[in-house]
Amino acid sequence: MSAHGSIIDCHVHPTAARGDGPAACAAEMLRYADRMGIEWQGLSLGPVFIQQPTEDEIVADNDFIAEMIELHPDRFFGYANLNPNLLFHSLREIDERIANGPFVGIKLWVALCCNHANVDAICERAAELRAPILQHTFFRAGGNLAGESSPADVAALASRHPEVTFIAAHAGLNWERGIRAVADQPNVCVDTCGFDPEAGFTEMAVQWLGAERVLYGSDAAGRSFASQLAKVHGADISDDDKRLILSGNMRRVLAL
Amino acid sequence: MNRTIIDCNANLGSWPFRRTSYNTPEDLLERIGRVGITQAWVTSLDAVVLKNVAAANAPLAEAVAEHDALRAVGTVNPSWPQWERDVAECAELGMIGVRVNPNYQAWLPTDPIFGELLSAAGELGLFVELTVRMTDERHHHPLMMVPPVALGGLLDLCARHQETTIMVANANNAQVLGVARDAAGPLPERLYFEMSHIESVGGVQAVADQIGVEHLLFGTHAPYYYPEAATLKVFDECDFSEAELEALTHGNAEGLLAAR
Amino acid sequence: MVIDCHVHVQSGLGTAEDRMGYLLAYAGRLGIERLCLSLGTSRDQRPTPETVRADNDMVRAAVERYPDRYLGFCYLNPCYLRESLDEIERCIVDGPFVGIKLWIALQCDQPNVDPICERAAELGVPILQHTWIKVTGNQPWESTPWEVATIARRHPEVTFICGHSGGNWELGYRIVEEVPNVLCEVAGGDPELGQTETGVAMLGAERIVYGSDAPGRSFASQIAKVRGADISETDRALILGGNIQRVLGL
């Protein structure tokens, strides 16, 4: 990777709406990322934005991401999207995408709550490959979706797999609660993405978890790179902490 | 006459559904001082509807720090992760108790977490204030109607947590008398009721007769309420003996603090 | 003179004689000299004419026993219109009642209430109408300040007392603000700081009257709303007694 200080966005979804095919989609994502000083984008969940995907849909989705990475290997890295309900297929995808490259991590969305034995098997393989797990998390007012994970679920899972780095995406959305829920589990980071740029979020995350456990992510293209970067740029924290959040931590997680 | 009067149920800060006045430490002390109240235990109005309720604790401690007449009661939500840390912080901040609003925090006093909180608070020498309601349910904001806390099971909790002092705040006559009826005898030694919501002609005296004046604490719910309501009820309307007045206005509160 | 414009006969507290003395003793401790009394022990929300007469007779007994302390307000169920007009004759024309009390038998903007208002105008007596605005839901025929404003506009010569100011007084005051023959009364709600100040600011002190809703409510908690209000002593005197004296021609 490139010069120190460049920004890594750990959470991007290049939805097909942003361009027709991987090349057009990549160009579109890079055009905006360039404006914001974002050098690297961690991709997952491309055109197949399905909550309970089949094996074929998983393959199509990961193929799309793979093509984007192939086009711009110096700007994109990938998380293999898995459906843990399809455990054998999930383990095969890990082997094909991560063990053989070019994917570096695992993305889990809402197909199955992550505090489940199927996910333990995935974590064991992730530990062997040193692949971080990006797990969507919400504390949704009125109750989560059937297969949706909360930060508390990630914390429980992470306590069983201390050698794996987990990213509790969105910090649970209801972040005042989400940050508390993962505070005692040192191998869980939170990312900054996918919710409104509410003042105080990054400060609380740094105060409770330490800057080392906070990762910049945007949830683009559904969210703006800008609104999500603002949570870091505008936070009342030190410049050193901002650098960690914007890139240093992700370099450590990915062992770059 | 220079009587010590401790208001065990006063508030500071903002209430989202009404612009309150007299809600800074200086203004509150001046306002309750007009009716002879010399000390007050204060909770944060803001914390009732904050999601991260504990965020109000350090500011509250800071607000009362320069006022010897004010003692802070923190707010915790035991249904949220890391609540133990919040209780410990309240103790470190020199607070005398922790307040819970189960109805605004979406849990029930019969949930096991409340027992855990009672244990933790008791170990740290903090009393637990169980606030039954904040305002008359009939005039809540139409999109935020919060029913009052039911007190069934309270006596069981007292029996299991005899080391912890519990103050029930903002309970009305029927709720207090309901607990007394369930007790069918003396109330648990460390259970107290605060009197701001006790109504009816001579009602405070009638309730004191039922539960024992030693279980009743003087409280105003100021500045949401006129503090005159409490003083007029206790000193003018009712016919308490001097010994009862001493207990009600400060003796019970001082004993509560000493025994924590 | 301090006059409580909203006190009820309530069961319990011993004999009728006992309870009349009991209320006066407590009121006296708070310096309340006269009590406007209404309703009887029935607490029937839609009483028959017989029940209405029995309830009013309890009030009559109190007034006759303590003529210097109690003032009678005649309870009516407007669903029984002819009997209501008869009861006005029996209680007000023939004495000693000085006002009309309407509770929750019928919303007060209904046509049955108009003849009652016309008779009240002829006799120069006020109508004390219970009102509440409950987000938890009103009783089927329970009035709010909206109905009071409506009926009061139809009968500008009658003084209406909007009982409880609608409970939700911040809203209640606004509803009746522009109807000058409606007074707002502070009884029956929690002693929320600001209630009296807001009333004086919006309606003027001449249109705010003290009442307690005792014995269900404490005399103390309710008079605290006036005693503790940040208003002038002139305004306080009007609210505590001056206004109701004017309305009743005392």
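**Note on the predicted three-chain model: charge pairs and backbone details**

1. Glu228(B) and Arg31(B) are both buried. In this predicted model, the two side chains form a salt bridge in which the closest N and O atoms are 3.0 Å apart. The pair connects distant parts of the chain, with Glu228(B) in helix α10 (residues 228-237) of chain B and Arg31(B) in helix α1 (residues 25-33) of chain B, 197 residues apart.

2. A second buried pair concerns the contact between chains. The side chains of Arg180(A) and Asp86(B) meet in a salt bridge, at 2.7 Å from N to O. Arg180(A) belongs to helix α6 (residues 175-182) of chain A and Asp86(B) to helix α4 (residues 83-92) of chain B, so this salt bridge joins two chains. Arg180(A) has a relative accessibility of 2% and is therefore classed as buried; Asp86(B), at 4%, is likewise counted as buried.

3. As regards the assembly, 2 pairs of chains are in contact, and chains B and C share the most contacts. Chain A does not touch chain C, and the nearest C-alpha atoms of these two chains are 22 Å apart.

4. Over all chains, a search of the whole structure finds 34 salt bridges. One of them is within chain A, where the side chains of Asp95(A) and Arg125(A) meet at 2.6 Å, N to O. Asp95(A) is in helix α3 (residues 87-99) of chain A and Arg125(A) in helix α4 (residues 117-129) of chain A, so the salt bridge ties together parts 30 residues apart in sequence. Asp95(A) is partly exposed, with a relative accessible area of 31%, and Arg125(A) is also partly exposed, at 21%.

5. In chain C, a network of salt bridges links Asp57(C), Arg60(C), Glu87(C) and Arg90(C).

6. Which residues gather in a patch of negative charge on the surface? They are Glu26(B), Asp27(B), Glu62(B) and Glu66(B). Among them, Glu62(B) lies in helix α3 (residues 57-64) of chain B. Its relative accessibility is 64%, and Glu62(B) counts as exposed because the cut-off for that class is over 50%.

7. Arg246(C) is located in helix α9 (residues 233-248) of chain C and is partly exposed, with a relative accessible area of 46%. When residues up to four places away in sequence are not counted, Arg246(C) touches Leu183(C) and Glu206(C). The C-alpha atom of Arg246(C) is separated by 23 Å from that of Leu76(C), 170 residues apart along the chain.

8. Two cis peptide bonds deserve mention. The bond from Ala220(A) to Ala221(A) is cis, with omega near 10 degrees; Ala221(A) is placed in the loop between β8 (214-215) and α8 (225-233) of chain A. The bond from Ala222(B) to Pro223(B) is also cis, with omega near 0 degrees, and Pro223(B) is found in the loop between β8 (216-217) and α10 of chain B.

9. Positive phi values are to be noted as well. Arg130(A), although not a glycine, has a positive phi of about 55 degrees. Arg130(A) is in the loop between α4 and β5 (133-138) of chain A and is exposed, with a relative accessible area of 72%. For Ala184(B), also a residue other than glycine, phi is near 50 degrees. Ala184(B) lies in the loop between α8 (173-183) and β7 (191-194) of chain B, and at 71% relative accessibility Ala184(B) counts as exposed.

Key: Residues numbered from 1 in each chain as written. Chains lettered and ligands numbered in written order. Predicted model: local features only at pLDDT ≥ 70, side-chain atom pairs only at ≥ 80, totals over all residues. Heavy atoms only, no water. Contact = heavy atoms within 4.5 Å. Patch = residues over 30% accessible without salt bridge, like charges linked within 9 Å, V, L, I, M, F, W, Y side chains within 5 Å. Areas by Shrake-Rupley, 256 points an atom, 1.4 Å probe, with all protein chains shown as cover. Salt bridge = Lys/Arg side-chain N within 4 Å of Asp/Glu carboxyl O. Lys, Arg positive; Asp, Glu negative; His and termini not counted. Charge placed at Lys NZ, Arg CZ, Asp CG, Glu CD. Helix = DSSP H or I, 4+ residues; strand = E, 2+ residues; numbered from the N terminus. Buried < 20%, exposed > 50% of the residue type's maximum accessible area, 1.4 Å probe, protein only.
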